[in-house]
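Please open the structure in your viewer and keep the selection tool at hand. The tour goes from one site to the next, saying at each stop what to select and what is there.

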Amino acid sequence: MTAELGTAEERPPFGDAAYDFRAAADPAPMLIDSPHSGRVYPGDFRAAVPEVVLRGAEDWRVDDLFAEAPEEGANLLTARFPRAYIDPNRRLDDIDPALLDGPWPEPLNPGPKTHLGIGLFRARTGDGKPLLDRPLAVADLQARIARCWKPYRRVLREKLDAIHARHGAVWHLNVHSMKSTGTAITPDGPGAERVDMVLGDLEGRSCDPDFTAFVAERLRAFGYSVSVNDPYKGAEILRCHGDPTENRHSLQIEMKRALYMDEATITATVGFEPLRRNLRQLVSAVAAWTRRAI
Ligand SMILES: [Zn+2]
């Protein structure tokens with residue numbers, strides 16, 4: 001591990017520091033959350049792979065791409081812990097018992113993500129190789145849940161509820177980046193070519209289809225190719241927070257990493273700034289749309 005990833009002595013306490021939240025100065029009834037861009041690697045996390053492979057699991061700098069969202073009216077929540085450490089977009093029982101050094105104290109229900117090695121605790125790299133070289137201690141994993149998963153999900157719930165209580169509606173963008181081609185651990189399989197942007201609304205169950213259509217139209221106006229619910233429909237955060245029948249609208253955005261980064265070296269390309277500018281305009285347009293809708 002390099003100094004950038006931190007040492008045991010520098011281990012962050014997390015808890016309230018598991019996330020950053022920035023309120024909009026002039027808030028629209030909307031919130032953006034980036035659950036996978038955290039890059040503070042705690043000292044108790046030891047991966048069996050080189051840093052460049054490990055960091056390929058991050059939705060690299062998606063938080064930075066949306067950093068100006070509060071200036072445009074969006075509240076912004078970003079995780080600080082890495083998704084390889086614990087994934088806030090998974091169920092708490094989505095765990096492979098084979099990863100553990102002992103019995104888990106509650107019933108487990110490993111789902112398809114765990115079978116791909118990307119459940120609550122990540123077990124595989126992007127190309128399907130083992131990420132870990134030892135069993136994980138049950139007590140350590142319970143501490144990760146208490147210090148990272150729960151604070152993140154709690155603040156996400158509280159902020160969305162507060163907006164909904166005030167306006168009777170809330171719009172939520174759950175933002176990610178995706179590898180530019182499919183891999184052994186993605187639904188579309190190795191080598192599958194991807195569009196620039198994939199919107200996911202759980203087939204219309206996590207937000208009003210008009211909202212999905214509006215965001216798709218805005219993204220296409222920038223010149224991006226867009227697909228909806230293919231290959232990504234959305235995951236646990238959308239399932240828990242999106243309910244259009246209650247005027248709770250959650251939409252997932254997956255951005256192709258080749259738009260802004262070199263995936264082999266984990267560095268920004270000349271595409272980073274244009275994408276950042278376009279996303280700022282997108283947030284501005286969504287904020288205006290949500291203000292008109294309440
Ligand atoms: Zn992600």
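The stops below begin at a metal site and then pass through helices and charged side chains.

Bear in mind throughout that this is a predicted model.

**The zinc ion.** Select the zinc ion together with His36, Asp59 and His176, which are its protein donors through ND1, OD and ND1 respectively, at 2.0 to 2.1 Å. Along the sequence these donor residues follow the spacing H-x22-D-x116-H. The two histidines bring together distant parts of the chain, since histidine 36 sits in the loop between strand 2 (30-34) and helix 1 (51-54), while histidine 176 belongs to strand 4 (residues 170-178), 140 residues apart. Both histidine 36 and histidine 176 are buried.

**Aspartate 94.** Move next to the loop between strand 3 (75-79) and helix 3 (112-115), where aspartate 94 is found. Which side chain of opposite charge is nearest to this buried aspartate? It is arginine 91, 4.0 Å away, and aspartate 94 has no salt bridge. Arginine 91 does form a salt bridge with aspartate 93, at 2.5 Å from N to O; arginine 91 is partly exposed, with a relative accessible area of 24%, and aspartate 93 is partly exposed, also at 24%. If you display the surroundings of aspartate 94, leaving aside neighbours within four places in sequence, you will find contacts that include Asn109, Lys113 and Leu120.

**Helix 4.** Select residues 138-167, the 30 residues of helix 4, which reach 42 Å from first C-alpha to last, close to the 44 Å expected at 1.5 Å a residue. Looking along helix 4, you should find a kink of about 35° centred on isoleucine 145. Just after helix 4, glycine 168 takes a positive phi of about 75°.

**Helix 7 and its charged network.** Now select residues 272-293, which form helix 7; its 22 residues should span 32 Å at 1.5 Å a residue, and the end C-alpha atoms lie 31 Å apart, which agrees. Among its buried residues are Phe272, Leu279, Val286 and Trp289. Within helix 7, arginine 276 and glutamate 273 meet in a salt bridge of 2.3 Å, N to O, and because they are 3 residues apart, about one helical turn separates them.

Add glutamate 68, which forms a salt bridge with arginine 280, the closest N and O atoms being 2.8 Å apart. This pair links distant parts of the chain, with glutamate 68 in the loop between helix 2 (62-65) and strand 3 and arginine 280 in helix 7, 212 residues apart. Finally, select Glu68, Glu72, Glu273, Arg276 and Arg280 together to see the salt-bridge network that links them.

Key:
Residues numbered from 1 in each chain as written. Predicted model: local features only at pLDDT ≥ 70, side-chain atom pairs only at ≥ 80, totals over all residues. Heavy atoms only, no water. Donors = N, O, S within 2.8 Å, 3.2 Å for Na, K, Ca; no water. Helix = DSSP H or I, 4+ residues; strand = E, 2+ residues; numbered from the N terminus. Buried < 20%, exposed > 50% of the residue type's maximum accessible area, 1.4 Å probe, protein only. Lys, Arg positive; Asp, Glu negative; His and termini not counted. Contact = heavy atoms within 4.5 Å. Expected span 1.5 Å × (residues − 1). Bend = angle between axes of the 7 residues up to and from the residue.
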